Structures are given as C-alpha cells and as structure tokens.
Amino acid sequence: MLPESLKKLFKEAFGTQPICDEIDNGICMFKRDDLIVIKQNGKVVAQFEDNESDYGVILHYYAKKAGLITPQEREVEEILRSLFVNIIVLTEVEDKNGFSHSQRVAKMAEEFAKYLGWDENEVKDIVNHAFLHDVGKIAIEQLMLYSPTRLRTLESHYEDHPTMGTIYLSINESLWKYIPTVRYHHEKWDGTGFPDKLKGEEIPYYARIIAILDYYDEVTNFVSADWDSEIKTPQQALKEIKYLAGRFFDPELVEKFARFMRDVHNVE
Ligand SMILES: [Fe+2]
Ligand SMILES: [Fe+2]
C-alpha cells in the first residue's frame, strides 16, 4: 500500500492519480521491496527509497523530467508572462490602429500557425512566444530613461535586447521555455546574426519563424522601422524576404511564408 501523503504529492506533481492498472500506458507508481517505483508508459522513470521527508522534492523533480507542469506552475507562468507582455505592449509605440509591434507580430504568428494547420495549443504557444520576443527591449527603455542621449543609447544597445530578454525570463523556471525564441530571434541563417551567431538549423524553429514575421512587421511599419528609413509595401517586404532566404532566413520557412502571404493576404 502506498502512503496517502505520497499519493497526494504525486497528484500535485504529475497532475493525475497514479493509475497502476494500466502500467504500460500512462504514469503509475507502486512499491517494490523497499523502493517506490514510478513507471511511465511501461518504463521505469524513477526509483527511490521510501522516505517520507523526500517525497515532495523527488516527485517534483521527476514530474519536471517527464515534461509535466503543475496547475500552480501554469498559473505562475500565466501571471508572469502577462505581466511582461503588458509592460512590452505599454512601452511600445502604437500604430494608427492602436496596435504595437509585438501585438502585430503575435497576430501574424497566429494567422501563420493556423495556415500551417497547427493545433489550438500550438497556435496559442507561438502567439505567446511572439508576444514575448522583444521582452528585452524593456531593459533598453530603462537605459533610455536615464540617458541624456536617449536615441543614441537605444541604437548602440539594440543588439543587447535578446540577451536582456534572456535575463528577464530567467527569473522563473516557468518562463524558461521562451528563452530560445527571445535569445535567438535575431540570429541569421548564414550565421551573421546576434547574439551567438547561430547558423541554419542551430537556430530554434520558433525563433526562425519569429525572425521572418519580425522583419516583415518592422519594414512595413513606420513606427517600428529600425531597418530602413523607408517604409516598404507588403509586396516589397515579401520580395525582400524571398531575396534574403538562405541568408537571413530559413529558406523552407520563407517558402511557406510566401504561400501564406499569397493565400491569406493576397500579397505576391
Ligand atoms: Fe527583436
Ligand atoms: Fe521585434
């Protein structure tokens, strides 16, 4: 018989009861000799001595390893994420429709993911990544506040925002999953980007997607045009992105993006 306290902690950590009649399909926990054993889909994932004071730490550790998060952790993630998103959106300049750069990138990410046939959770996930991609710019805004030459400071620190974003997101483990997108959305396919000069498929997939959407939004919107003093039409921006396939951007993704622009936005 398993102790009740252990069963309760298991439910808290894994978000489910340990169901042992289906040991080859799901997660279950049982006692073997003096050890507590956890099996996931028929494989032993944890084995530890039956010591009540260690239950919490051990179960939490293995739940993490199994890629599970508790409802409490999900709540913390939601609170922290929306706090950051609110600060980003409030500090960005709005366009004539009242939207800011991160909002527009998030909207486009949603449309693109739906176009690619992603499921509801995947769509939600990339929207969150898109909303957070420039979280490090909050730090740049802070630098600007204390600088007598505000604009020059922004320009000279622009390349720091992926690193600053990484630092912001490191404050809580629930936000770590966004770090690859935040840190690498300015890397380029040919390895000439920043901050770590990653190349090709070394660049995480979401970061490669956001890189295209980010560029498109920057060059087509005057209020956030860091790239060029001249604002581009959607057609010009798409042409530029196609030209930069294999240099800045993942060529396969550029193809998908071009199809999406043609089919959804009527832009060729
Ligand atoms: Fe950025
Ligand atoms: Fe951006």
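Among the contacts in the chain with a separation of 6 or more, 51% join residues 24 or more positions apart. The structure described here is a predicted model. The chain has 268 residues, and buried residues make up 31% of them. As for secondary structure, 12 helices and 3 strands are found in the chain.

The strands offer a convenient place to begin a closer look. Together, the 3 strands form an open sheet in the order β1-β2-β3, with antiparallel pairing. At the edges of this sheet lie β1 and β3, the latter spanning residues 43-49, and each of these two strands pairs on one side only. From one strand to the next, the twist averages 20°. As a general reminder, strands of a sheet pair through backbone hydrogen bonds, in either a parallel or an antiparallel arrangement.

The pairing of β1 with β2 can be followed residue by residue. Strand β1 covers residues 27-32 and strand β2 covers residues 35-40, and 6 bridges link the two in the antiparallel sense. Within this pair, I27 of β1 stands opposite Q40 in β2. C28 has K39 as its bridge partner in β2. The two strands β1 and β2 form a hairpin, with 2 residues between them. In the turn of this hairpin, D33 has a positive phi of about 50°. For readers tracing side chains along the strands in the model, it helps to recall that in a regular strand the side chains alternate between the two faces of the sheet.

Note on methods. Residues numbered from 1 in each chain as written. Chains lettered and ligands numbered in written order. Predicted model: local features only at pLDDT ≥ 70, side-chain atom pairs only at ≥ 80, totals over all residues. Helix = DSSP H or I, 4+ residues; strand = E, 2+ residues; numbered from the N terminus. Buried ≥ 20, exposed ≤ 12 C-beta atoms within 10 Å, placed from the backbone. Contact = placed C-beta atoms within 7 Å. Pairing = 2+ DSSP bridges. Axes fitted to C-alpha atoms, helices over the stretch in contact; angles between N-to-C directions.
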